[in-house]
Amino acid sequence: MTPAPLATPALRRAPDLGTAPDAARTASDASAAPDLGTVPGARTAADLGAAPDLGTVPGARTAADAGTAPGARTAPDAGTAPGARTGPDPLVRPDLPAPSAGEPVPASLYAGVQQFYARQMHLIEGAGADPDAWAETFTEDAVIELAGDTPDVGREAIRASVAAGVAHVAAQGWDFRHWFGMLDVRPREDGSLRTRYYALAMATPCGGALAVRGSLVCHDDLVRAPDGSGWLVRHRRLVPDGRPGD
């Protein structure tokens, strides 16, 4: 006998997904989902844009507050940080612009003028004195004016005068030194510099004592060399102490 087919359980109709409790919803019901905004802790898409004000959360800052965080600087403050500069600093290089007339010169420019004077005076001291090189630190039409004396006008006259002085010192066997101090530097409208300083001229014979040969107040007009290599003296006025003129 052929065995009867295995009994197949009766097929059930799936419960109505739309009506079964806790069951998934049909596509049509999906649009009718309960308002997520009303479910505890849930937000609608619109609500997501309305997040709590971060500025009111303890310890939190808004974007605007970020600039006020401890230690932070806004852009304008950056220029006032220690060591920061707000403009170019004219260094020893004379090709950089001098400050406006009446303003103090930067320390680096002041140091550059001091360096110029040191180099200039070394050129007429000691065994290596070079009157020709010294004369080149003046402009072609420069004037050296000593109060009460006839001025030297022009580079060649200046060259001849200093060469005679160097020869006289050498003949005496002196060590001759110059010291400039109390230097004041003022810019002028045309870019030149006006300087005022004290000068001492000192002679020491071989084995002897130092003697101050002159104490003067000096006024110079300094201009830039045409090739930008440094400063040149355009006018020098010397006033020995005890004489009128300063």
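Me: Which element gives the largest share of the lining of the largest pocket, and how many residues does that share hold?

Reply: The largest share comes from H7, which gives 8 residues to the lining of the largest pocket. Please keep in mind that this is a predicted model, in which local features need pLDDT of at least 70 and side-chain atom pairs count only at pLDDT 80 or more, while totals for chains, interfaces and linings use all residues. Residues are numbered from 1 along each chain as its sequence is written, and side-chain values use heavy atoms, leaving out hydrogens and water.

Me: How should I read a pocket, and what lines the largest pocket?

Reply: On a 1 Å grid over the protein atoms alone, where a 1.4 Å probe is used, a pocket is an open set of points with protein on both sides within 12 Å along at least five of seven lines, and lining residues have an atom within 4 Å of a point. Here the largest pocket holds about 1,100 Å³ of space, a volume being the space filled by probe spheres set on points that are joined across faces, edges and corners. Its lining has 35 residues, and Ile-124, Phe-176, His-178, Ala-201 and Leu-238 lie nearest the centre. Two or more lining residues come from each of strand S1 (138–146), helix H7 (155–172), strand S3 (174–187), strand S4 (193–205), strand S5 (211–224) and strand S6 (231–240). These helices and strands are DSSP runs numbered from the N terminus (helices H or I, at least four residues; strands E, at least two).

Me: How do the strands fit together, and why is one side of S2 and S3 left without a neighbour in the sheet?

Reply: Two strands pair if DSSP finds at least two bridges between them. In this protein 6 strands form an open sheet with mixed pairing, in the order S2-S1-S6-S5-S4-S3. Strand S2 (152–153) and S3 stand at the edges with a single partner strand each, so one side of each has no neighbour in the sheet. S1 and S6 run parallel and are joined by 5 bridges, and Phe-138 stands opposite Val-233 in S6.

Me: Which strands does helix H5 touch where it packs on the sheet?

Reply: Contact means heavy atoms within 4.5 Å. Helix H5 (residues 107–122) packs on the sheet and touches S1, S3, S4, S5 and S6, its direction making about 155° with that of S3. H7 also packs on the sheet, touching S1, S2 and S3, and its direction makes about 60° with that of S1. Such angles run from 0 to 180 degrees between N-to-C directions, with axes fitted to C-alpha atoms, for helices over the stretch in contact.

Me: Is Gln-120 buried or exposed, and which residues does Gln-120 touch?

Reply: Buried means under 20% relative accessible area and exposed over 50%, with partly exposed in between (1.4 Å probe, protein chains only). Gln-120, which lies in helix H5, is buried, with a relative accessible area of 0%. Leaving aside residues up to four places away in sequence, Gln-120 touches Trp-134, Thr-137, Phe-138, Val-233 and Arg-236. For the protein as a whole, 27% of the 246 residues count as buried.
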